[in-house]
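Biologist: Could you put the model up, so that we can go through the ligand site and one of the loops?

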Amino acid sequence: MKPQYHFTAEKNWINDPNGLCFHNGKYHMFYQYNPKGTTWGYMHWGHTSSDNLMDWQHLPVALFPDNEYDKDGCFSGSALSIEDELHIMYTGIRYREKEVNAYGVEVAAGDDGLLPSQIHAVSKDNGLSFTKSLPPAIPIDEHSHFAHVRDPKVWKTVEGFYRTVLGNTENRKQGSLLFYKSYNLHTWEYEGKWTHPDFGWGWECPDLFTLDGYDVLIFSPMGINIHHINQVSMYLVGRMNWETFNFEIFHKSFLNNCFDIYAPQTFSHNNRRIMIGWLRQYHPFTEESYTGMMTLPLCLSVKNNILYSYPISEVDQKRGEIFHQQSNKDITLSIEKLCDIELVIKGNTKINLGGILITFDAHQGQLIVDRTQVYFEHTENHHIFPMDGLPPECTLRIFIDHCVVEFFAEKGQESCICIVDPNKFSSKLEIKGNIDLTIYKIQ
Ligand code: FRU
């Protein structure tokens, strides 16, 4: 049942990817990790590294609570590779008061029970261990909310100084971004704020970068309430004004048609902007000792104000031999739940993929993915995902990895990344329609 080519911890709970970077010849991914169990709590930074972003080597926990500023958790943050040193900024958390939740985990009491500060730390051993600079680089100040400011994303500007963006709330009424500037990563100066009333009451995990001539903000608003889901990752494409700190919005959208993805992070390497997101699974599948996984690494691009996301080309190295290839006929087949499928859909088509119903309406240019029959009860409770604006002849790539299925139409113009219950998801594939199909094994 465990995914084979999607990252999971060896055991225990994971959430957000943190500190994504390329450093000293390797890719590194840190992640929110509870070493004590399979539910959220006691946040540490787990650590893994890779040569190709696909095969990950598990490494010891890299960051753990050990001082008065982060004694209750090392929350999300980001990394910068500077010569031999790996610099990180993360949110240290203290709880004002504690309570024990239904899983026996100590958490903050009340909605505003967190006491955050932003901490800078440096590793000289490729992320195996970190030296924290204390007191915190960015304490709570008159611009930030006393409980809900977190998730520093740090980068080096074209002008040559460093900038950090933080997710914040304006008095629990609307979300905001706070910007700070530094020349040495140790001392930080407040620069400005951007806030907007349309996206929930507070923002987590902001990530702001330039791509294909646009500015792109990816963020995770709280209090969005769409289909009864409270927290959903979004993106804005537009233009950031670094004098006024106003973000002019050209286009706004949810990040993915399925809301399992949350708190993604991006990094840039060799002219690619790569994103990895957390897939929200809240309880282990039966008798498994891990909870949560990451999406495939996705390469981002912007065309006509739309953010495209498509798996990096390294994913192709996982392709083994062709398992099945066929054109223009109806199909009933038993497949392995570990494969990479390429389809060209050439007219109205109905597909039943192990209980996931996929319908393509060529006239409307709409592809609907419906996972109602196979949904996992401990994930986001929303199961029908329409994807619009597709051409009458549409390409579709599907990655199956036991309990995760990722759909990419038209090379990432629309996508749908979903968790399925491996106990309900079957290996039967039925297609009625005019298609070209190639199924590759995964090796
Ligand atoms: C997003 C988030 C972050 C926070 C972290 C704690 O999922 O809530 O805002 O830093 O998770 O684990």
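Modeller: Before the loop, a word on naming: helices (H or I, at least four residues) and strands (E, at least two) are DSSP runs, numbered from the N terminus. This is a predicted model, in which local features need pLDDT of at least 70 and side-chain atom pairs count only at pLDDT 80 or more, while totals for chains, interfaces and linings use all residues. Residues are numbered from 1 along each chain as its sequence is written, and side-chain values use heavy atoms, with hydrogens and water left out.

Biologist: Where is His383 found?

Modeller: His383 belongs to the loop between β31 (366–370) and β32 (384–387).

Biologist: And is His383 buried or exposed?

Modeller: His383 has a relative accessible area of 10%, so it counts as buried (under 20%, with a 1.4 Å probe and protein chains only).

Biologist: Which side chain does the side chain of His383 make a polar contact with?

Modeller: The partner is the side chain of Asn381, at 3.0 Å; a polar contact is a pair of N or O atoms within 3.5 Å, and within protein one must be able to donate a hydrogen and the other to accept it, with residues adjacent in sequence counting only if both atoms are side-chain atoms.

Biologist: Switching to the ligand, which strands each supply at least two residues of its shell?

Modeller: Those are β1 (12–23), β5 (73–82), β11 (150–156) and β20 (261–269).

Biologist: How far is the side chain of Asp16 from the ligand?

Modeller: An N or O atom in the Asp16 side chain is 2.7 Å from a ligand oxygen atom, and a polar side-chain atom of Trp40 lies 3.0 Å from an oxygen atom of the ligand.

Notes: Buried < 20%, exposed > 50% of the residue type's maximum accessible area, 1.4 Å probe, protein only.
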